[in-house]
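Let's take a friendly walk through a protein model together. Have a look at the picture first, and then read on.

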Amino acid sequence: DLAVQAGNIIRRVHRSGQLDAVRKSPDSVYDGVHTPDLQTQADREAELLIVSSLRRAFPSVAVVGEESSEGGVATSAEAARSPNLDLVSWAFPEGFAADVAAEELVV
């Protein structure tokens, strides 16, 4: 199962203590607090597994990834600027996770 495999990657990296965290972008600011946008080796490896699996299963579907644009995977910011990608989006449910900004929810 893909979710189990991705979870195993995340646990392996976490147990190793070698998170190899990098800053993806400038800090976000929520309620006046600067919050770094970090990415770990676990993030990168799990995304690679998930995206490559989706591409094999659905070769004609463009995959938008959160972590990187390596391997032809567009980031959400790149996809938003691309006139060639049809994006699927839904409204953020009102009252759902009130402490989470809509732009921070990734599905």
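The report below goes from the whole protein to one helix and then to a few single residues.

This is a predicted model, in which local features need pLDDT of at least 70, side-chain atom pairs count only at pLDDT 80 or more, and totals for chains, interfaces and linings use all residues. Residues are numbered from 1 along each chain as its sequence is written, and side-chain values use heavy atoms, with hydrogens and water left out.

**The whole protein**

The protein has three helices and four strands, and from the N terminus on its elements run α-β-β-α-β-β-α. Here helices (H or I, at least four residues) and strands (E, at least two) are DSSP runs, numbered from the N terminus. Of the 107 residues, 19% are buried. Buried means under 20% relative accessible area, exposed means over 50%, and partly exposed is in between (1.4 Å probe, protein chains only). The accessible surface comes to about 8,100 Å² (Shrake-Rupley method, 1.4 Å probe), and carbon and sulfur atoms hold 56% of that surface.

**Helix H1**

Helix H1 covers residues 2-16. Its 15 residues reach 21 Å from the first C-alpha to the last, close to the 21 Å expected at 1.5 Å a residue; the expected span is 1.5 Å times one less than the number of residues. Which residues of H1 are buried? They are Ala6, Gly7, Ile9 and Val13. Seen down the axis of H1, these buried residues fall within an arc of 155° (taken from the directions from the helix axis to the C-beta atoms), so they line one face of the helix. H2 is included in what covers them, where contact means heavy atoms within 4.5 Å. Just after H1, Gly17 takes a positive phi of about 75°.

**Three residues to find**

| Residue | Where | Relative accessibility |
|---|---|---|
| His14 | helix H1 | 60%, exposed |
| Asp20 | loop between H1 and strand E1 (22-30) | 47%, partly exposed |
| Val61 | loop between helix H2 (41-57) and strand E3 (64-65) | 47%, partly exposed |

His14 and Ala42 are 28 residues apart along the chain, yet their C-alpha atoms are separated by 7.5 Å. Asp20 is not a glycine, but has a positive phi of about 50°.
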